[in-house]
Amino acid sequence: MLKRFLRVPTRLLCSCLLLAFMIAGCDRGPKKLVVGFSQIGAESEWRTAETESIRSEAAKRGIRLQFADAQQKQENQIRAVRSFIAQKVDVIILAPVIEPGWEPVLREAKQEGIPVILADRGISVTDLSLYVTLVSPDVVEEGRMAGRWLATKLNGKGNIAELLGTPGSSPAIDRQNGFREAIAAYPDLKIVKSQSGDFTRAKGKEVMEAFLKSGEKIDALYAHNDDMAIGAIQAIEETGKKPGVDIIIVSIDAVRGAFQAMVEGKLNCTVECNPLLGPPIFDAIEAIRAGKTVPKKISLKEQLFEQSQAKELLPTRRY
Amino acid sequence: MKLDYAQSRQPFALPGWLAKLIWPVAALALLLAFNLFFTKQFFKLEIRDGHFYGCLIDILNRGSQVMLLSLGMTLVLATGGVDLSVGAVMAIAGAVAAEMINVPAMPFPLVIAAALAISVLAGVWNGLLVGVFRIQPIVATLVLMVAGRGVAQLITGGQYTTFTDSRLVFLGNGHFLGLPFPVTIVAVMFAITAILTRKTALGLFVESVGDNETASHYAGISSRTVKFMAYVFAGFCAGLAGIVAAANIKCADSNHIGLFLELDAILAVVVGGTALAGGRFYLFGSIVGALLIQTLTTTMYMRDVSPEVAPVPKAIVIILVCLIQSPAFHQQVRKLFTRKATA
Amino acid sequence: MTQSAGNTTLDYGRERARMRIASKYIPLLATASVVVILYVYGCAAYGPRFASLRVLVDLFKDNAFLGVAAIGATFVILSGGIDLSVGAVVAFTSILIAAFCEHHGVNCDYLRRSPDAAVAFYRYRHLATHHLHPLLAIGVSLVLGSLFGALQGCIIHFYRQPPFLVTLAGMFFARGMGFVIHPQSLGIKQPFYIAFLNDIKIPLVAGVDIPFTVMCLAVVFLVALFIAHYTRFGRAVYAIGDDEQSATLMGLPAGRTKIMVYTLAGFTSALAGVVYTFYMQSGDPASCIGFELDAIAAVVIGGTLLSGGVGFVGGTAMGVLILGLIQNLIIFNGKLNSWWTRIAVGLLVLVFIAIQNVVTAASRRTTRAAAG
């Protein structure tokens, strides 16, 4: 009985082995540079644009990219980094979903001599040698730029509603702090409402509806990303008010949708948050391979875009 | 000797369905009363642009997605199963609708039909796994819950497909008779479901399969077919909810449409009186349950409670409503009072 | 079958007995062979890098906390119930420990102001540091987890509420309370924790070692095996899962067993949270969303029936390994983008659940045929 039972898995085993050897035997190209990229997920257009930029850059430079999507879970990212260490990749790119919790796995990478590059978000570690460099947009400066622009536009006086990003995420924290830093000099600028829209359009719309119904006078809206702003614009329109005119709106990311909204006169200003991290990351990788020292933080330059520039710049937007 | 049956009957005996409905309705009334006294602006109703505008209208609008889901979920729970994939099916339907409406010269009915057809297909998949292959409903629908969002992202290519077609936008944002259009959709679906289940034998079949599958089998009802049809219907309702959700924000957000709404739908159905083990179901109770959950959520927003902490009061209310419906709890309370009386 | 008339019955009895034992363990053997097949496929497809000791140890390292939680969930599912609050309790425990170790401490001011301050201060001097000692924090969280599980068990048993619903409400409650303790993730920099991680491990070759978390998993696994097969409680769990009424009529303490099962599940979820803090050196109230479904999938793949009464703790351990191997194979492939990853994981889980269903159904048919 047992022998008969074991016949099936044994046959299955042999055929699997055969198939696997055939597959393994096929991949015999020249030795390429192998880079492991642990990405957070695909939860927003910005994130997909970042992934696409890194992928296309790797393909352009002839580097083999091992891609791991973590479904926004830290344990999946740690699993991926460990797997990359076992695969003996040459470099690891990590876009950390949250700040703490990376020390054990990065220590293993350091032991094996694999350099780690952080993409787009920072981590909190006591030993800074655990990563080589952080390539990211300057998120705090984005908050500051938005704050400075809004202060000028409102002439230093008004009630501001704020739509926050996902609580605890470093972009949300940094954009919050940067904005408050910029408007600290204007005592008549008050943030009367501040709640999380989770970086999504639907939540942004829902929370804005609640803001508008609360009875507080709102002169301006500061949304941590364009998606929430677009959702909020819909909410404002439904109350009969005019977004961009009755309520000044400034947001961050500068995606195509934001430019479209500016052309329609509904969004007033958007601050760029550049997701095209591919070229600077791979430049840094080449510098590391060549043995050059790389700065600890590589910040991407960003600009602010106003309504007046939107129409001519819309066709040039790549994401 | 004529036996006086009238005396042996308990005073104030309500018909079964009304007795079950009283508790969720009472809970909803209590919550609304709380808001009446403690949350300003909650009951303020105005007329703007020819339609009603206010917090209550928002509850109806936002809650329409959960109400649609709970209609389908009621039948699935009544057969003794559960469907965890309805959120993912919403995302798929929204993705299909958004992609197709952007194709130039695509007839509008075809767009809606395609989105609904894909969601019915998802329901067929679930129905096959549960009804025909007899896999446990939790794990069978878990598969589509995980893979479904991947399918939705595959359809949109990882992008947020936006659209501006006024007909599709009307489905989510338009108004009919002063109320948001999704409410009309819910009302129509409720009417159709009520007629199909109560005026035909379908409702009886569903209840009997959920109550005792073996007995139904011997009575000649094919439990496989009934369960299959329940999941197909749940898929259809999820498709409708997905189209409404996408139309609401004028874009197909494959990651967030319907996220965790399946849990809200299950809670709505159970609070409404349908037992998780299957058997008798109460469609109107599910609608009231969905309204209760949405009112809770909106109350949290209006009172500036952080959305992460909001699940705590939700959990307490759920447990209370379920305890109130439990006969064992009634016995305990009765014992307390009788003891006090004799003491 | 031998020729002698007297021995024929004996042989027939032995053959029947052998078949009965074999068919009981067939689902377990099926799961084991799936693990082996997956591993061998990985070795063959991805060469010596997959076949390394590092990958094998990483498999246990990365899934230690899932393993601990799934083992607790096995008992609940064996008793015919379900526990959806696992993920929320893990997250809650992790942020509780992190908050205790990093932020809060025992308020010692009153100790210094009271007349017996000197004596009290001396007696409680280890508490008079700014933070709560990690061992105390771990103890408190384990007790809280068990109490939470017991509360759920009481509501389920005394008020006859469905476990799905009560544990779903429990999940919402624990998730929200996690955010009340601290709204964001918190790293643990307490020296005791760091010392634990660096000192307690079994070194193997080539820089690979077995860390404390894997040792925890091994201990939990062995204890669970003992409880399931060598204690009265374990036998009662199997009996209640199969048919609660018959078990009660036979005199087994159904109510007490059910409440203890949920207490055990709460304890293992809290323990999984503790293992999580060792693994990540941080606590995060937003983590482990959907974790309970991973645990349930591991239990089902391992051969335990969701209706209860049938299954093994060993099966769950192998189910956890299968889930880990699926993820590992996808990462080693490295070519699937985000959405194909989700679809692949869903389909692979379905394949293994289907295999398990088929094998279990076939073995039950064989048992029934042999008995009948």
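**Exercise 1.** How many helices and strands are there in chain A?

*Solution.* This is a predicted model. Start with the helices: chain A has 11. Then take the strands: there are 12. Next, burial: of its 319 residues, 54% count as buried. Last, sequence separation. Take contacts in chain A between residues at least 6 apart in sequence; 74% of them join residues at least 24 apart.

**Exercise 2.** Describe chain C in the same terms.

*Solution.* Count the elements: chain C comes to 16 helices and four strands. Turn to burial: 53% of the 372 residues of chain C count as buried. Then filter the contacts in chain C to residues at least 6 apart in sequence; 80% of these join residues at least 24 apart.

**Exercise 3.** Which residues have the most contacts inside the largest nonpolar core, and which helix gives the largest share of this core?

*Solution.* The largest nonpolar core has 258 residues. Those with the most contacts inside it are I117(A), I92(B), A97(B), C237(B), V68(C) and V275(C). The largest share of this core comes from helix α11 of chain B, residues 223–249, with 18 residues. Another core lies apart from it, with 51 residues. Its members include I218(A), F259(A), C269(A) and C273(A). As background, nonpolar side chains tend to be buried together in soluble globular proteins.

**Exercise 4.** Which residues is V275(C) in contact with, leaving aside its neighbours within four places in sequence?

*Solution.* Apply the cut-off: C-beta atoms must lie within 7 Å. Set aside the sequence neighbours within four places; V275(C) is then in contact with A64(C), F65(C), V68(C), T213(C) and C216(C). Now check this against the core: V68(C) and V275(C) are both among the residues with the most contacts inside the largest nonpolar core.

How values were computed: Residues are numbered from 1 along each chain as its sequence is written. Chains are lettered from A and ligands numbered from 1 in the order in which they are written. This is a predicted model: local features need pLDDT of at least 70, side-chain atom pairs count only at pLDDT 80 or more; totals for chains, interfaces and linings use all residues. Helices (H or I, at least four residues) and strands (E, at least two) are DSSP runs, numbered from the N terminus. A residue is buried if 20 or more other C-beta atoms lie within 10 Å of its own, exposed if 12 or fewer, and partly exposed in between; C-beta atoms are placed from the backbone. Two residues are in contact if their C-beta atoms, placed from the backbone, lie within 7 Å. A nonpolar core is a set of buried Ala, Val, Leu, Ile, Met, Phe, Trp, Tyr and Cys residues joined through C-beta atoms within 7 Å.
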